[in-house]
Amino acid sequence: MVQSLPLFAQKFAPSSSLTGNENLSIFRGENCFIRGVDGFLKIRNYSGHKNLGENYDIAGETLTGNISWTAGSDAVTGAGGTLFLTELHAGQFIIAGAEVFCVRRIESNTLFYAERAPASTAAGQTARVLLRLQELDKTRAVARHISAVKVDKGDILFVGSGAFYRNGVATGFTATNTPKRLRYNTDGTYTEKPFGFTATPPAPVITPTVGGTKRMLAGKFSFMVSYWNPETNGFSNPSDVIKIDSGAAEIAVAANGRFEFDFTASKVGMPANAGGFIIWQSPSGGGVTATNASYYVNGPWQEAARVRLTDLDADDKYFHECVDGELGMFASGDNDAPPECEFLAEFSNTVFALSSLGKRTGGNALGTNPGNYALCAKTSNKEAFPYGWQVSVGSEINGFAAGIGRLFCLTEKGIPFITATGRTEIARFIPTLTDMPFTSRPFWTKGNVNPYALAIVQGDVFLVSGGKVLMSPRNSSEDANPFNVGKAIQDLIEGIPGGHFFLRNDPKNQQLCVIASAVEKNDAGYWISKIFPLDLETNQWQPVVRLSSDTRDMIVSGAEVVNDRLEFLAGGRVSGGAFTVSTFRYDEADGATPVPYYFAIQGTDNNEEQRAKRIKSIRLTGRVTNPVIQIHGAMRGGEISVSDIENGTNSLSGNILLDSSTGIVRNYKKNLVVKNLHLWSLRMSGEWDGTGDVDEIHEIVVEIESHGGMK
């Protein structure tokens, strides 16, 4: 009996079994997407990844000293003065010789552990750092390690390591593990300013005088002084209390008097981000002698004036008077400068310093980055990160994602989140209230080291952990167990080290893209990466996107959504001896680079398990470029080779060449004979030339005949 079997586009199910009894699906495929609606599906080829022309020479992005490794061991050692603790970050990719290492844990300055053990042994090798990418105000921010936020008036806060680039152009600024501030100038340029105040000003000379107009009450007063940044309204911790005047007497003023502040000494060593001073003043106590004397000694001290440098006269003097009704907020001693950290995040109108207060060193008794802690800035003083507001998440923070009213922190052991408590800065003056405006809570006990492995898309939390793609139930409750949404592709991602995974969404195609970096080498010896797209509208996986080149490594080291497009950094070795990382845009043609693609239908026995089949003809409907059909199959007692399907080798039919077409054409039937098939699969490949409309396959009709007796 001869029948015509139409093969339409089906869901992608690479982890299905090979019994031949399954519903028809796409068993393997690369560089093509399933489009359309149920019953009217078609396959279109992926249009490629456009090089945006932002190419970074990483030949000089070397680690200090050299590294050595042994085949089969994930331990990488350093010599010659290596500084792993300060130069490396968890989840970072480095390349040495032809080996790629993803940093899992940094043990010391001379030892780190990689996510994957190398296949070779080498000693004394130069290691080059692949760069990272972050979206910053619709631009691409790039450095060895970079984390930045845009704040008030166009200013930028950033932290990390290495030269800082935007859209491929060097900014001239260098990231460090201590946050920096770039002040936005009216001409569009930036000026680097310190961020936070590590010191207090030297005391000014204060002299009581006459000539006041605000009717200050007679009595004793005491003062403190802070540095002040009029651009950010940030200020330092206050100086020691000043209780004596220029004549070494108690600072007492007659009724209707005022004070002369001589800031000459206070200006010595003034930080570059200070443009003035804040005067903190004790109240008068309403003129009551006992109360006034107590305030003079014990405070409180409240904000009395903000003095710009331009308010000083030629002798650096400022005349001050302030009555109790004008006093502002209370002085506090927790205006601590930002700590060393791995990341900066903005959440709930608050800037956070993440992954801080780690191991103590001789130069930093508070602890360096990375660490278990998040510290938030004051809303009233954005240059202050009170160390008393330490929020611990239990493990070193390797990344973060903000959304659903929470700040999720990625650690190797889980993803706890930080949430607001509703407390404000005033809480410190009410003993019954806690002083913490934020707190942390557990979420999942699943984690990762790659900062790109966590993503929040359309209100769902996604994470690659333990070789599985996990998704939260809706609303992401604290006790929610994650769903493994990657079951359909489990066979393809099994065994890929966790740190090699990236998670980012592609708004253009409404896809969650699971990127596996440096998974294998191609025939030319260069590293390739793969992207596994999940269609968020249908909740169906798409065939694999293969990032491969015969002239360069395609090691993905960073990925972000910029201007509603998924973009990524990829590179490594380039033919000719160079080391380059380039910026690419996902699913965008460059008009010149051909894109090869293929898909293979799930093996089937046509529901006749005991009878052999013979394929007699094939017809294709679609717009195709250089289409090639192969029939892979198994005779009785044999098996279909999955690797042959993937590689397009050793088919039973050889290459069946069909005609190219520039429109959606129903091609002529191609007659052939492939017989003795008990289980068979059809593989189609093509190579779109990179111009015009992409290839699009609507239907493949196979004429098949059962023959022979039941066996």
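A residue counts as buried when its relative accessible area is under 20%, as exposed when that area is over 50%, and as partly exposed in between. The exercises below apply this to a predicted model.

**Exercise 1.** Classify Ala518 as buried or exposed, and state where Ala518 lies and what is notable about its phi.

Solution.
- Step 1. Ala518 has a relative accessibility of 0%. The cut-off for buried is under 20%, so Ala518 counts as buried.
- Step 2. Ala518 is part of strand S42.
- Step 3. Its phi is near 50°, a positive value in a residue other than glycine.

**Exercise 2.** Do the same for Lys153: find its element, its phi and its exposure class.

Solution.
- Step 1. Lys153 sits in the loop that runs between strand S15 (145-150) and strand S16 (156-166).
- Step 2. Phi of Lys153 is near 65°, again positive in a residue other than glycine.
- Step 3. The relative accessible area of Lys153 is 61%. Exposed requires over 50%, so Lys153 is exposed.

**Exercise 3.** Assign Ser120 to a class, then list its contacts beyond four places in sequence.

Solution.
- Step 1. The location of Ser120 is the loop between strand S10 (111-114) and strand S11 (122-125).
- Step 2. With 27% relative accessibility, Ser120 falls between the two cut-offs and therefore counts as partly exposed.
- Step 3. Leaving out residues up to four places away in sequence, Ser120 touches Trp69, Thr70, Ala71 and Glu99.
- Step 4. As a distance check, Ser120 and Ala248 are 128 residues apart in sequence, and their C-alpha atoms are 75 Å apart in space.

**Exercise 4.** Describe the surroundings of two loop residues, His678 and Pro497.

Solution.
- Step 1. His678 occupies the loop between strand S54 (670-677) and strand S55 (679-688). Its relative accessible area is 14%, so His678 is buried.
- Step 2. Neighbours within four places in sequence aside, the contacts of His678 include Thr604, Asp605, Arg611, Met635 and Arg636.
- Step 3. Pro497 is in the loop between helix H3 (490-493) and strand S41 (501-506). At a relative accessible area of 15%, Pro497 is buried.
- Step 4. Not counting residues up to four places away, Pro497 touches Glu115 and Arg116. The C-alpha atoms of Pro497 and Val461, 36 residues apart along the chain, are separated by 21 Å.

**Exercise 5.** Which peptide bonds to Pro300 and Pro370 are cis, and where are these prolines?

Solution.
- Step 1. Gly299 and Pro300 are joined by a cis peptide bond with omega about 10°. Pro300 is in the loop between helix H2 (289-298) and strand S27 (302-308).
- Step 2. The bond from Asn369 to Pro370 is also cis, and its omega is near -5°. Pro370 is in the loop between strand S30 (350-356) and strand S31 (373-376).

**Exercise 6.** Characterise the largest pocket, then the chain as a whole.

Solution.
- Step 1. The largest pocket holds about 1300 Å³ of space. It is lined by 43 residues, and those closest to its centre are Glu30, Asn31, Arg546, Ser548 and Pro596.
- Step 2. Elements that give two or more residues to this lining include strand S2 (26-30), strand S42 (511-521), helix H4 (642-647) and S55.
- Step 3. The chain contains 4 helices and 56 strands, and its C-alpha trace spans about 120 × 50 × 45 Å along the principal axes.
- Step 4. Of the 711 residues in the chain, 55% are buried.
- Step 5. Among contacts between residues at least 6 apart in sequence, 65% join residues at least 24 apart.

Definitions and conventions
Residues numbered from 1 in each chain as written. Predicted model: local features only at pLDDT ≥ 70, side-chain atom pairs only at ≥ 80, totals over all residues. Heavy atoms only, no water. Buried < 20%, exposed > 50% of the residue type's maximum accessible area, 1.4 Å probe, protein only. Contact = heavy atoms within 4.5 Å. 1 Å grid on protein atoms, 1.4 Å probe; cavity = no way out; pocket = protein on both sides within 12 Å on 5 of 7 lines; lining within 4 Å. Points joined across faces, edges and corners; volume = space filled by probe spheres on them.
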